[in-house]
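Trainee: Please take one helix of this model and go through its buried and exposed sides closely. After that, set it against the rest of the chain.

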Amino acid sequence: MSSIGIRLGASGARPRARGLVWLVARQHRAALWAGLAAVAAIAAYIVWQRAGMVGYLRAHDIQDCADWKRFCHGRRTHLERGSDPTIDALRHLTDTYRTPLLHTGRLLIALPALIGVFIGAPLFARELEMGTHQLVWTQSVSRIRWLIAKLALPLLAVTACTAVLAALYTWWWRAARTQFQDIAWGTDVPFDATGPAAVALAPLAFFLGAAAGLLLRRTVPAMAVTLGVTAGVQYGLAALRPHLMTPRTIVSDASGDFAHTPIEVFFTSWRGIGDGYLARSGAKIPSDRCSSAIGQDGWNRCLARFGATERQYEELHPAGHYWPMQWMQAGICLAVAVALAAFCVWWIRRRPAVKEAA
């Protein structure tokens with residue numbers, strides 16, 4: 001403790017800043033090295049899996065091919081003839097690489113919660129709980145400078161590591177998004193594990209944990225609250241996501257057939273946003289309007305009561321909405337993270353300079 005006091009009490013702003021950086025780095029060196037090792041292991045696994053997957057695609061010449069496409073590099077795929085080399089290769093690709101892709105994505109989705117719980121929440125809660133913050137506050141170091149120093153290094157580390165993993169996972173997923181079309185790009189995997197949306201969740205969860213630690217002043221309760229709030233935030237973002245942009249509506253012909261809509265629209269879009277029937281006036285009648293109907297006769301009577309025709313509609317987000325929605329969600333997360341950072345500064349400024357140990 002005395003050596004820390006000497007370093008923090010040195011004259012001049014620059015020595016004090018170096019002392020704070022040294023103190024924060026020393027406090028978190030074990031977590032930092034453990035985190036870097038975990039990131040390196042996950043990154044190596046992603047690179048290894050992608051290399052094997054891309055090698056398989058090239059070896060069987062099925063890049064940009066899919067079981068829903070009628071042609072693959074000019075070759076017609078014959079589903080009706082039973083065994084087909086292209087279809088067999090695509091099935092083996094799915095059996096081998098789809099599950100690792102999904103599980104890795106789920107791990108990356110859980111990463112922000114782990115950051116908030118094990119890095120953000122104990123950051124201040126442990127200091128306030130044990131009273132070790134008093135030593136720093138009684139030195140010639142302001143509480144704001146202490147707060148910024150405590151936040152800066154972990155924030156930089158978690159953001160950089162998350163960015164690396166998100167970039168690598170995006171690189172992996174995009175190599176097989178055509179073949180794995182059943183993994184809709186707007187669902188949690190891969191959306192929350194790729195692009196800027198994945199990166200922005202890390203500082204948000206980190207500041208959620210830091211704010212919880214400042215407020216509760218107890219490590220375990222702060223960790224529990226951070227876990228619950230982060231899970232709630234991720235659930236809320238998933239519920240908000242379909243409404244970030246106006247979905248595209250496709251309409252069938254008079255017989256209810258969508259044959260005039262290119263098949264690529266169905267297999268590259270995020271579907272399930274909404275569907276139903278059109279009334280004679282052109283108004284939309286959602287399918288769930290008659291969800292309580294019993295049997296086919298009840299269903300038909302319900303639709304007739306609303307004036308539905310045979311024409312159907314479906315709402316979906318085309319693939320072009322992926323990047324705009326990524327940046328929109330990232331912007332929301334970063335705005336909340338900035339607000340939480342401002343709250344931490346406001347909270348620490350209103351605390352007395354010396355507080356008795358909790």
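Mentor: In this predicted model, helix H11 spans residues 295–305, and its buried residues are Gly298, Cys302 and Leu303. Buried here means under 20% relative accessible area. Viewed down the axis of H11, these buried residues fall within an arc of 130°, so they line one face of the helix. The other side of H11 carries exposed residues, namely Gln296, Asp297, Arg301 and Ala304. The cover over the buried residues of H11 includes two strands, S4 (270–279) and S6 (308–317). Just after H11, Gly307 takes a positive phi of about 75°.

Now the pocket. The second largest pocket holds about 290 Å³ of space. Its lining has 16 residues, and the closest of them to the pocket centre are Trp173, Arg177, Trp185, Thr268 and Ala319. Three helices, H6, H10 (263–268) and H12, each supply at least two residues of that lining. By residue class, the lining of the second largest pocket divides into 10 nonpolar, 4 polar and 2 charged.

Next, the nonpolar cores. The largest nonpolar core has 39 residues, of which Tyr169 and Phe180 touch the most other members. At least two residues of this core come from each of helix H3 (29–59), helix H4 (85–130), helix H6 (143–174), helix H7 (188–191) and helix H12 (322–349). H4 gives the most to this core, with 9 residues. Leaving aside residues up to four places away in sequence, Phe180 touches Met53, Leu93, Thr94, Tyr97, Arg98 and Leu101. There is also a second, separate core of 27 residues, which includes Leu123, Val158, Ala210 and Leu340.

H6 and H12 therefore turn up in two places: each supplies at least two residues of the largest core, and each supplies at least two residues of the lining of the second largest pocket.

Last, the chain as a whole. The secondary structure of the protein chain comes to 12 helices and 6 strands. Of the 358 residues in the chain, 44% are buried. Among contacts between residues at least 6 apart in sequence, 80% join residues at least 24 apart.

Notes
Residues numbered from 1 in each chain as written. Predicted model: local features only at pLDDT ≥ 70, side-chain atom pairs only at ≥ 80, totals over all residues. Heavy atoms only, no water. Core = buried A, V, L, I, M, F, W, Y, C linked by side-chain atoms within 4.5 Å. Buried < 20%, exposed > 50% of the residue type's maximum accessible area, 1.4 Å probe, protein only. Helix = DSSP H or I, 4+ residues; strand = E, 2+ residues; numbered from the N terminus. Contact = heavy atoms within 4.5 Å. 1 Å grid on protein atoms, 1.4 Å probe; cavity = no way out; pocket = protein on both sides within 12 Å on 5 of 7 lines; lining within 4 Å. Points joined across faces, edges and corners; volume = space filled by probe spheres on them. Nonpolar A, V, L, I, M, F, W, Y, C, P; charged D, E, K, R; others polar. Arc of directions from axis to C-beta.
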